[in-house]
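Please open the structure in the viewer and keep the selection tool at hand. The tour below proceeds one selection at a time.

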Amino acid sequence: MVKKLYQPYKPNLDFSGLDHIVVGSGMGGITVATWLAKSGKKVAIFERHYVPGGFTHSFKRKDGFQWDVGVHYVGNMAKDSSLRSFFDFLTDGKLEWESMGEVYDVANIEGTEYLFKAGKENFRKQFTNYFPEEKKAIEAYLKLIEKTNKRANAFYFEKIFEPWLSKAIGWIFRKRYSKYSQRTTWEVLSEITKDERLIALLCAQCGNYGLSPKNSSFGAHAMVIGHFLDGGYYPVGGADQICEKTLEVFTAHGGKVFINADVTKIVTENNRVQGIRLGEKFIPCKSVISNVGVNNTFNHLLSETDRKKCKYNLKNVQPASAHICLYLGLNQSSEALKLPKYNLWYYKHENIDKIFDEATLENAPENFAYISFPSAKDPNWEIKNPSTATIQAISVGNMDWFETFKDSKACT
Ligand SMILES: Cc1cc2nc3c(=O)[nH]c(=O)nc-3n(C[C@H](O)[C@H](O)[C@H](O)COP(=O)(O)OP(=O)(O)OC[C@H]3O[C@@H](n4cnc5c(N)ncnc54)[C@H](O)[C@@H]3O)c2cc1C
């Protein structure tokens, strides 16, 4: 990440005249910040980590290896797709995307390999080949994905309605979507098919939404399946390019990014946001956009009084699912090692819920692994890092396993 795009936070810097403060520099934060800066607003991002980007940042080791911490692939990124034009707007077209090719994911369940190929027709063909008896179920599934995602679009569109309009007709959008979003992936899929291997395969990419079939919302499942249906793409230069190219545009429009800036409070008065607090320091602004998750925002950044005014019971929001990751650096090129561009989803057996629910630090990597080969996906890797390659292997994690490190800081 280019250092001139951000600066360390110091309490004595000039923070006057801010329209908006964005807390957290993940993809969500930098998106809204750049959009506002492009429309002429004075915006500052406060990030508590020592580099910006959240799950789009990458880290390096002294021997030159670089790994992404989050994003491994993004769907819906063909030149004429809606998401691509959105990213082109954010980055002024400077972020390039490399297709992962026809096969973008491979699931290995109990030793049998299944390919996920780009395109709805390919999906239909592949799955029907694997499960000829389930042709009707596969048809019904694809229709349901489309229908659910159409309802999701309407559901999210309703969020921009004026309050009076939302009150009058918003319930229609919410009710229509809740038919799928309020049910688990397992509930919906087991109505379509009784074939547990097919259900496991349809859920093989569930690591992308972090929850197993019996715990995830079918709305989230449909969104992710629909998102990757036309294949996967990788940001040229690595995942941190998403952040870097966006921040280049943000800072060119006057935006400021402060790192090592741990926001401790969102300050309100008479039901209006006044600014933020970092320890003793108060920084005023017209509005605060918190991008640090619902739990952190409501249960940590807002005061008890403000929290009580909130109409939802956010005390019950559970932390997101955790993971453990092994970062491997190899001293040969991806080509020499024949590393694939596609990601591998490995399951020891087809009961994904059991694997996730009964995971321990000892058995997790043996039962489930998501393996990705970033150096093989990036056309610039070999130019920048000749004769080297990287692999990332992820398995299920649990915060309780690392309880002793709870209050410690990340090492630099
Ligand atoms: C292992 C993994 C793999 C993934 N793979 C993919 C993938 O292949 N494709 C895909 O599309 N998505 C993937 N995702 C999901 C994607 O990376 C995330 O959904 C997305 O990046 C989240 O962005 P965000 O803006 O919501 O928040 P985050 O990226 O979580 O950013 C939040 C930021 O807020 C900061 N922060 C927190 N508290 C404070 C505070 N009090 N003050 C200041 N700053 C604060 C944090 O340090 C962090 O930088 C993956 C996620 C993980 C974890």
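**A guided tour of the predicted model**

Begin with strand 2, helix 1 (residues 27-38) and strand 3, which together make a right-handed β-α-β unit. The model shown here is predicted.

Select strand 2 (residues 20-23) and strand 3 (residues 43-46): the two run parallel and are joined by four bridges. At His 20, look across to strand 3, where Val 43 is the bridge partner. Next, add strand 15 (residues 287-290), which pairs with strand 2 in the parallel sense, again over four bridges. Here Val 23 stands opposite Ser 290 of strand 15.

Return to helix 1 and display the ligand. Helix 1 gives the most to the shell around the ligand, contributing three residues. In total, 27 residues surround the ligand, and the closest are Gly 24, Gly 26, Gly 28, Gly 54 and Gly 70. Colour this shell by class to see 11 nonpolar, 13 polar and three charged residues.

Now colour the chain by domain. The division gives domain 1 (3-58 + 241-316), domain 2 (72-99 + 321-405) and domain 3 (120-228). Between which domains does the ligand lie? Domain 1 and domain 2 both give residues to the shell, so the ligand lies between these two. For domain 3, compare its centre with that of domain 1: taken over C-alpha atoms, the two centres are separated by 33 Å.

Move on to a second sheet-forming group, strands 6, 10 and 7. These three strands form an open sheet in the order 6-10-7, with antiparallel pairing. Strand 6 (74-75) and strand 7 (97-99) stand at the edges with a single partner strand each, so one side of each has no neighbour in the sheet. Two bridges join strand 6 to strand 10 (residues 232-235), and Gly 75 has Gly 232 in strand 10 as its bridge partner.

From strand 6, step into the loop that leads to helix 2 (82-91) and select Asn 76. Its phi is near 55°, a positive value in a residue other than glycine. Most residues other than glycine have a negative phi. Asn 76 is partly exposed, with 18 other C-beta atoms within 10 Å.

The last stop is Lys 338, in the loop between helix 12 (334-337) and strand 17 (343-347). Lys 338 also has a positive phi, about 55°, although it is not a glycine. Is Lys 338 buried or exposed? With 8 C-beta neighbours inside 10 Å, Lys 338 counts as exposed.

How values were computed
Residues are numbered from 1 along each chain as its sequence is written. This is a predicted model: local features need pLDDT of at least 70, side-chain atom pairs count only at pLDDT 80 or more; totals for chains, interfaces and linings use all residues. Two strands pair if DSSP finds at least two bridges between them. A crossover is right-handed if, with the strands pointing away from the viewer, the path from the first strand over the helix to the second runs clockwise. A residue is near a molecule or strand if its C-beta atom, placed from the backbone, lies within 6 Å of it. Ala, Val, Leu, Ile, Met, Phe, Trp, Tyr, Cys and Pro count as nonpolar, Asp, Glu, Lys and Arg as charged, and the others, Gly among them, as polar. Domain bounds come from an automatic or database domain assignment. A residue is buried if 20 or more other C-beta atoms lie within 10 Å of its own, exposed if 12 or fewer, and partly exposed in between; C-beta atoms are placed from the backbone.
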